[in-house]
Amino acid sequence: MSFFTRPALLLRLAATLLVTVPVLSGCDTEPSYAKQIREQTEAQRALDEATIQAYLTRHNITGSQYTRTNSGLYLVSLTNGPATNPLITKGQKVTVNYVGKFIYEANDGVIFDNSSNNRTSCGCFSFTAGGGGVISGWEEAALLMRKGDRKLLLVPSELAYREVGQGSIAPYTPLLFDLEIQDVQ
C-alpha cells in the first residue's frame, strides 16, 4: 500500500467509526436473554413475596411482629437475647439450633431439616458469619442477631437454594427457619 492511499483508508475508517459507534452505543435495549432473566427473577420475587405474605396471614403474624429487609428476608422475633450482647459480625463463629420448614400452604410446617439430626453432641450447627458457608438468608440474618436471639426467618428462594434446590427442597422454594443463636465466638 502506498503512502498516499493510506491516509485515505484511515479517513474512510474513521468516518465509518463515527457513523457506526453512535448507532451501536445508542442502542439502549437489553439483549433478549438478559431481559428474559430479569423478568423471570422479578416474577419469582413476586411469587415468593406472595407466599411469605400468605404464610404470615395464615399464622396471624402482623407487620408489628416482623422486620422485612431490602433483600426480601423477613425476621420474626421469638426471643431476644440480652441487649448487652453485641450483634454478630463477619468472621465470628456462630453456633445455632435450627429447624427448617416449608411454608407453602399445601406443606405448611413440614420439617425438611433440623440441627438435632446432624449427629453432633450439641445437636447444633456452626458456621462463620460472612464466610459463605450457609445460604444468603442465614448470612444476612446472622448479622442482624446476637447471642440468645431466636427468630423465624422467612427466606425467599433467591436467598435460599435459588434455581437449583437442595435435597427435598425444590428449586425456587421460599423457606422458614426457626433459628436460635446458642453461642458466638
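This passage walks through the fold, the cores, the aromatic rings and one buried acidic residue.

The model here is a predicted one. The protein has three helices and seven strands, and reading along the sequence gives the pattern α-α-β-β-β-β-β-α-β-β. Of its 185 residues, 31% count as buried. Many contacts reach a long way along the chain: among those with a separation of 6 or more, 67% are between residues 24 or more positions apart.

What about the inside? In soluble globular proteins, nonpolar side chains tend to be buried together. In this model, the largest nonpolar core has 25 residues, and the members touching the most others are Val96, Trp138, Leu153, Val155 and Phe177. Several elements chip in at least two residues each: strand E3 (93-102), helix H3 (136-142), strand E6 (150-155) and strand E7 (175-184). Trp138 is a handy residue to click on here. Leaving out residues up to four places away in sequence, Trp138 touches Val96, Tyr98, Phe125, Phe127, Leu153, Phe177 and Leu179. Apart from the largest core lies another one, made of 10 residues, including Tyr55, Tyr74, Leu154 and Leu176.

Now for the rings. The structure holds 10 aromatic pairs. One of them is formed by Phe112 and Phe177, which meet edge-to-face, with 5.6 Å from centre to centre and 85° between the planes. This pair ties together distant parts of the chain, as Phe112 belongs to strand E4 (residues 111-114) and Phe177 to strand E7, 65 residues apart. Both of these phenylalanines are buried. They also belong to one aromatic cluster, made up of Tyr98, Phe102, Phe112, Phe125, Phe127, Trp138 and Phe177. Trp138 and Phe177 thus turn up in the cluster as well as among the best-connected members of the largest core.

Finally, a charged residue. Asp48 sits in helix H2 (residues 32-58). Is Asp48 buried or exposed? Asp48 is buried, yet it has no salt bridge. The nearest side chain of opposite charge is that of Arg45, 7.8 Å away; a salt bridge calls for a side-chain nitrogen of Lys or Arg within 4 Å of a carboxyl oxygen, so Arg45 does not make one with Asp48. What Asp48 does have is a polar contact of 2.5 Å, side chain to side chain, with Ser157. Setting aside its neighbours within four places in sequence, Asp48 is in contact with Pro156, Ser157, Glu158, Tyr172 and Pro174.

Notes
Residues numbered from 1 in each chain as written. Predicted model: local features only at pLDDT ≥ 70, side-chain atom pairs only at ≥ 80, totals over all residues. Heavy atoms only, no water. Core = buried A, V, L, I, M, F, W, Y, C linked by side-chain atoms within 4.5 Å. Buried < 20%, exposed > 50% of the residue type's maximum accessible area, 1.4 Å probe, protein only. Helix = DSSP H or I, 4+ residues; strand = E, 2+ residues; numbered from the N terminus. Contact = heavy atoms within 4.5 Å. Phe/Tyr/Trp six-rings, centres within 6.5 Å; stacked < 30°, edge-to-face > 60°. Lys, Arg positive; Asp, Glu negative; His and termini not counted. Polar contact = N/O pair within 3.5 Å; in protein donor to acceptor, adjacent residues only side chain to side chain.
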